[in-house]
Amino acid sequence: MNGDDVDLSRGELNQSFPARFKDDDEFESDSFDAMSGDDDKHEQRPKKKKKTKYHRHTSYQIQELESFFKVCPHPTEKQRRELGSKLALESKQIKFWFQNRRTQMKTQIERHENVILRQENQKLRVEIGILKEAMRSPVCNNCGGSVIPGEVSYEQQQLRIENAKLKHELEKLIALGNRFVGGSVSLEQPSNVGIETQHLPLGRGTMMCESSTFMGLAMEAMDELMKLAELGNPLWIKCSKKEKETMNHDEYRSIFSASSKHLGFVAEGSRETGLVLIDSLALVETLMDTNRWAEMFECIVAVASTVEVISNGNSESRNGSLQLMEAEFQVMSPLVPIRQFKFLRYCKQHGDGLWAIVDVSFDKYREGENLKSYGGFKRLPSGCIIQDIGNGFSKVTWIEHSEFEEIHTLYQPLLSSSVGLGATKWLATLQRRCESYTTLLSSQDHTGLSLAGTKSILTLAQRMKRNFYSGITASSIHKWEKLLAENVGQGTRILTRKSLEPSGVVLSAATSMWLPVTQQRLFEFLCDGKCRNQWDILSNGASMETMLLVPKGHQEGRCVSLLRPAGKDQNESSMLILQETWNDASGALVVYAPVDVPSMNVVMSGGDSANVPLLPSGFSILPDGSSSSSGQVDSNGGLVNHESKGCLLTLGFQILVNSLPTSKLNVESVETVNNLMACTIHKIRAALHIHA
């Protein structure tokens, strides 16, 4: 980025912009002099020019005005008065400063756009030159020979075309041999083959063939994704009384004959379309960056990494980018195993502001009927089509298609529906996360904390969630060991790991069950501070009140909050509770952890939160996957017309059983956490009047 560039997505403006703008009084007096100048022409006597009075803002005033401008470039009259009172400025001075600042930004943006246009113009000139050069020596698309009208006979042309076909078949045979032999299959080439092709180093030919195979598989998957995205085709069936679409698997297998459902595996195919508060380029960058993708879909993607970048695509964009990735997909329950798999991700631009990104298991056609090497999960062509519609919004069509081993009967309906790991889950999560980012960037800070303090709290909450997810699903974020213990139910899983923060042995226990209560009702009950003492032993019988709240969306309940016992101030409480909650069409989350007051004071002042010990506990609430459980999704990932009569509740606790990492676990610790879970479930059932 050069000195003229401006990054609007971060709300930053280059302060080295050379234009000079007058301060408010100077701007006003100049305008006044310009309007009154005509009357002076008729006066015979020379009139002494009135000295203009200039006003220079202090550095503090400029800093405060700049900070407010980043949040709100068009303040209202009320906001101008409040800002003027704070900075000892008149309302009209505030008004003129903002007018000048907006003009300054507009001019700089125009300069930035001019630079881009000049670069595009230069690029077009180079491409035109290349095309002109190619037209001087045209090449036949079929045979690769030079086109010299009148000098090539019909027989020669046919021989060249046949030669091109044979070369293509030869390349396919070499690729097939390399796949099964595992080495570099070399065949004698004609004498006119290029030197680099004749003298390929051992293994390089295999690498090139492998990359070519991956690219072919990716392009084939992209074609399938675009066909699946077409409206009105018979591949999709609309569910009764809902707008959701599920795949017609019989029709799919008849169209894509190379694909066939494997015995003992369940197929899930779903499609959903919605608006997302992010522009197309930003979303493409997020999806093609492994770390940002995993962070965006943290409740689905436990861990992810890029194995190999096969193609970087266009030098100026992600168009044509292809990479081999591996990831772990998770469902918030100990009854659903982690899905580990490798896949190809391919990005292609189909038009101005129109992109498509497709994923497909990289060894889709290698295993035949045996899917054990897939970790019990195979992702058929899946992904999204992104269309930029302006004003920072994109229209996203998400398509999810996979096959997986049959699982616990309690979760089979969920995983067979679009809300398990299907299109509804992905799209609702994307909408909620994008709305959360926008809210954090645009909303004014009413917490009374500095920007560094707010960021530190959010970072701590992020680590709390990831630890909670890992304890529920046993993902590889932490090195867990499964513990077999007596007097523990079949639906309960006990895990242990060695921890540094806090130091010692951490025990995690999780269990899942179905409750005859709606997702919304259960979520509201668990978030209600007045009802907290009905189920949470950390409350010590007292209701809880919110002492700090950081909103992460416009819908109620999407926030990070700091809780304390009602009626006590921070000095009286030795322990506070950090909590994050959210609720959307694909499920809900309530996760919390006790934090001591000194540590929390450091975090709220903007200090490093990495060393704050956390032992998260909480609840994951999922739809039960029944025919009436999947409502419609609004533009923020919220749930509309949700009719389900039940939901799946997962409860998870983490406790420190010993402060020495080398110590062994005793039976009393297991009984303690087992009794804690049983007591909490009993209290929730009693409070909601649910009979066992």
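Strand S6 (residues 339–351) and strand S7 pair in the antiparallel sense over 8 bridges, where two strands count as paired if DSSP finds at least two bridges between them. Helices (H or I, at least four residues) and strands (E, at least two) are DSSP runs, numbered from the N terminus. The model is predicted, so local features need pLDDT of at least 70 and side-chain atom pairs count only at pLDDT 80 or more, while totals for chains, interfaces and linings use all residues. Residues are numbered from 1 along each chain as its sequence is written, and side-chain values use heavy atoms, with hydrogens and water left out.

Within this pair, Arg-345 has Asp-359 of S7 as its bridge partner. S6 and S7 form a hairpin with 2 residues between them, and Gly-353 in the turn has a positive phi of about 75 degrees. S7 is also joined to strand S9 (residues 382–390) by 6 antiparallel bridges; here Ala-356 is matched with Ile-385 of S9. Of the 8 residues of S7 (residues 354–361), 7 are buried, so the strand is largely enclosed by the rest of the structure. Buried means under 20% relative accessible area, exposed over 50%, and partly exposed in between (1.4 Å probe, protein chains only).

A second sheet can be followed further along the chain. This open sheet has 9 strands in the order S11-S12-S13-S21-S18-S17-S16-S15-S14, with antiparallel pairing. Strand S11 (481–483) and strand S14 (544–551) stand at the edges with a single partner strand each, so one side of each is left without a neighbour in the sheet. Neighbouring strands of this sheet are turned by 20 degrees against each other on average, direction ignored. Inside the sheet, strand S16 (residues 575–584) and strand S17 (residues 587–596) run antiparallel and are joined by 10 bridges, with Pro-594 of S17 as the bridge partner of Ile-577.

Two helices lie across strands of this sheet. Helix H15 (residues 597–604) lies across S14, strand S15 (559–565), S16 and S17, and runs at about 110 degrees to S17. Helix H16 (residues 667–687) lies across S11, strand S12 (492–499), strand S13 (504–515), strand S18 (617–623) and strand S21 (647–658), at about 30 degrees to S13. For these angles, axes are lines fitted to C-alpha atoms, for helices over the stretch in contact, and angles run from 0 to 180 degrees between N-to-C directions; contact means heavy atoms within 4.5 Å.
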